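Hi,

Here is the structure I said I would pass on. Have a look at it first, and my notes follow underneath.

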Amino acid sequence: SSLEKLTKAVKLDAEFEAEKIAIEAKIHFIRAEDEAANKLRAKLTPDSPTNKILPRLTKPEGMSSLKSKEGHYIVYVDEELKRRKGDVYAARLLELIHAAYSKVFPFKTDPTVVHRCYIFSREYPYLEFCAGIGMDGRGAAGFFANETRILIINADPRGDKTNRQGFTADAVDTIFHEGFHQFIHNSVPDMPLWFNEGLAEYFGPSILVDARKLRVGTFVREGKVYASRFETIRQAINGETLAPLPLRIFMRQSSREFMQGGTRTSINYAQAWSLMHFLLHDPRVARQGRKVIRSYFKLLKGGATKDDAFRETFGKLNLDQLDKLWREYVLKL
């Protein structure tokens with residue numbers, strides 16, 4: 001895992017004292033050993049990035065914290081969300097989606113890792129917090145910050161109607177989407193984007209059925225402001241916009257190609273979502289689809305290159321036939 005690599009780096013960089021201390025402090029932070037992390041960072045110079053950021057993360061001003069019952073998360077909320085029991089609500093959501101992630105990826109995880117999520121009731125304190133740790137939250141309802149491995153969420157990104165706990169539907173979607181990036185990062189820090197974003201988009205629209213159950217695999221048919229992923233990929237397959245890439249090319253894109261911008265990136269996201277939905281739900285391929293998803297992840301987790309992992313899994317399938325089945329599936333949804 002990436003945490004194991006960080007731990008090894010402490011030994012490898014032992015001659016570089018400041019770097020060694022910063023890495024050790026980060027390891028303690030990831031394990032929610034805040035007292036140990038702060039003792040270490042106090043040894044660094046005042047202008048050290050670790051010394052500037054760590055106090056803002058371990059004791060964020062105006063926020064209270066709650067550790068989830070299962071222990072996978074620490075949720076930080078501001079006073080408004082605390083008053084509405086938004087911390088309890090968010091902790092429950094995160095543990096439910098964590099169970100959903102784990103169902104697709106039933107692999108042993110590091111029990112010492114504790115994920116942190118910082119949630120704000122309004123945009124201004126959200127942006128202010130982001131700026132305080134050197135991040136730009138403008139234009140996003142939330143994100144996963146991979147350097148510190150934290151989630152930062154704006155519970156009311158557009159002033160839309162919130163539930164009684166203070167969260168809009170978009171905010172919940174963002175928690176589920178960005179939470180997947182957080183979940184997967186500890187095992188594979190450099191996950192291919194089509195796979196990473198496809199699964200994040202798959203989990204994002206999950207619906208809370210009751211206090212103990214999520215419905216995963218739901219999706220938005222028609223977007224309120226922008227075209228939904230479903231609308232986007234249907235239009236692309238039907239030739240109304242830029243055509244989606246053949247799967248044999250799509251699955252081999254670099255991060256730069258996936259995120260090249262414009263219409264292609266929008267279609268890439270929609271194609272990634274629909275491909276994962278197809279692999280996990282189409283009865284013609286679901287058993288093999290779930291198996292190949294896990295095998296691909298397992299190889300990457302074990303240190304295989306992206307090319308080798310692809311060749312040993314998806315590359316062994318008849319991708320032209322899979323492409324045909326995927327397009328049929330999307331058009332029948």
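Before anything else, one cut-off: a residue is called buried when its relative accessible area is under 20%, exposed when that figure is over 50%, and partly exposed in between. Val113 makes a handy first case, because its relative accessibility of 10% puts it among the buried residues. Bear in mind throughout that this is a predicted model.

Staying with Val113 for a moment, you'll find it in the loop that links H6 to strand S3 (115-120). If you want a long-range distance to check your viewer against, Val113 and Ser228 are 115 residues apart in sequence, and their C-alpha atoms are 34 Å apart in space.

Now the overall picture. The protein chain has 16 helices and seven strands. Its radius of gyration is 21 Å, close to the 20 Å that the globule rule gives for 333 residues, so the chain is as compact as a globular protein of that length. Along the principal axes, the C-alpha atoms fill a box of roughly 60 × 50 × 35 Å. Of the 333 residues, 49% are buried. If you take contacts between residues at least 6 apart in sequence, 62% of them join residues at least 24 apart.

As for the outside, the accessible surface comes to about 16900 Å², and carbon and sulfur atoms account for 50% of it. On charges, I get 52 positive and 42 negative side chains, with the centres of the two sets 6 Å apart.

What sits in the middle of the largest nonpolar core, in terms of contacts with other members? That core has 72 residues, and the ones touching the most other members are Phe105, Ile119, Phe167, Trp194 and Phe195. Another core lies apart from it, with 22 residues, among them Ile74, Tyr118, Cys130 and Phe143. Going back to Phe167, and skipping neighbours within four places in sequence, its contacts include Leu81, Tyr89, Ile119, Val172 and Ile175. Gly86, Lys161 and Thr162 are also among the contacts of Phe167.

Two of those core residues, Trp194 and Phe195, turn up again among the buried residues of H9. Helix H9 (residues 193-203) is mostly covered, with ten of its eleven residues buried. Besides the aromatic and aliphatic side chains you'd look for, the buried set of H9 includes Asn196, Glu197 and Glu201.

There are also two aspartates to look at. Asp282 is in the loop between helix H13 (262-281) and helix H14 (286-301). It has 3% relative accessibility, so it counts as buried. Beyond its neighbours within four places in sequence, Asp282 is in contact with His277, Leu325 and Tyr329. Asp323 is part of helix H16 (residues 319-332), and it counts as buried because its relative accessibility is 9%. Not counting residues up to four places away in sequence, Asp323 touches Leu245, Pro246 and Leu247.

Next, backbone angles. Most residues other than glycine have a negative phi. Ala32 is not a glycine, yet its phi is positive, at about 60°. You'll find Ala32 in the loop between H2 and helix H3 (34-41), and at 25% relative accessibility it counts as partly exposed. Lys85 also has a positive phi of about 60° without being a glycine. Its place is the loop between helix H5 (79-83) and helix H6 (86-104). Is Lys85 buried or exposed? Its relative accessibility is 59%, so it counts as exposed.

Back in H2 (residues 17-30), have a look at His28. It counts as partly exposed because its relative accessibility is 23%. Leaving out residues up to four places away in sequence, His28 touches Glu33, Ala36, Ala37 and Leu40. From His28 to Leu44 is 16 residues in sequence and 15 Å in space, C-alpha to C-alpha.

One last stop is Ile249, in helix H11 (residues 247-250). With 39% relative accessibility, Ile249 counts as partly exposed. Its C-alpha atom is 38 Å from that of Ile119, and the two residues are 130 apart in sequence.

Cheers

Methods: Residues are numbered from 1 along each chain as its sequence is written. This is a predicted model: local features need pLDDT of at least 70, side-chain atom pairs count only at pLDDT 80 or more; totals for chains, interfaces and linings use all residues. Side-chain values use heavy atoms; hydrogens and water are left out. Helices (H or I, at least four residues) and strands (E, at least two) are DSSP runs, numbered from the N terminus. Buried means under 20% relative accessible area, exposed over 50%, partly exposed in between (1.4 Å probe, protein chains only). Contact means heavy atoms within 4.5 Å. The radius of gyration is taken over C-alpha atoms; the globule rule is 2.2 Å times the number of residues to the power 0.38. Accessible areas come from the Shrake-Rupley method with a 1.4 Å probe; for residues, only the protein chains shown count as cover. Lys and Arg count as positive and Asp and Glu as negative; His and the chain ends are not counted. The place of a charge is taken as NZ of Lys, CZ of Arg, CG of Asp or CD of Glu. A nonpolar core is a set of buried Ala, Val, Leu, Ile, Met, Phe, Trp, Tyr and Cys residues joined through side-chain atoms within 4.5 Å.
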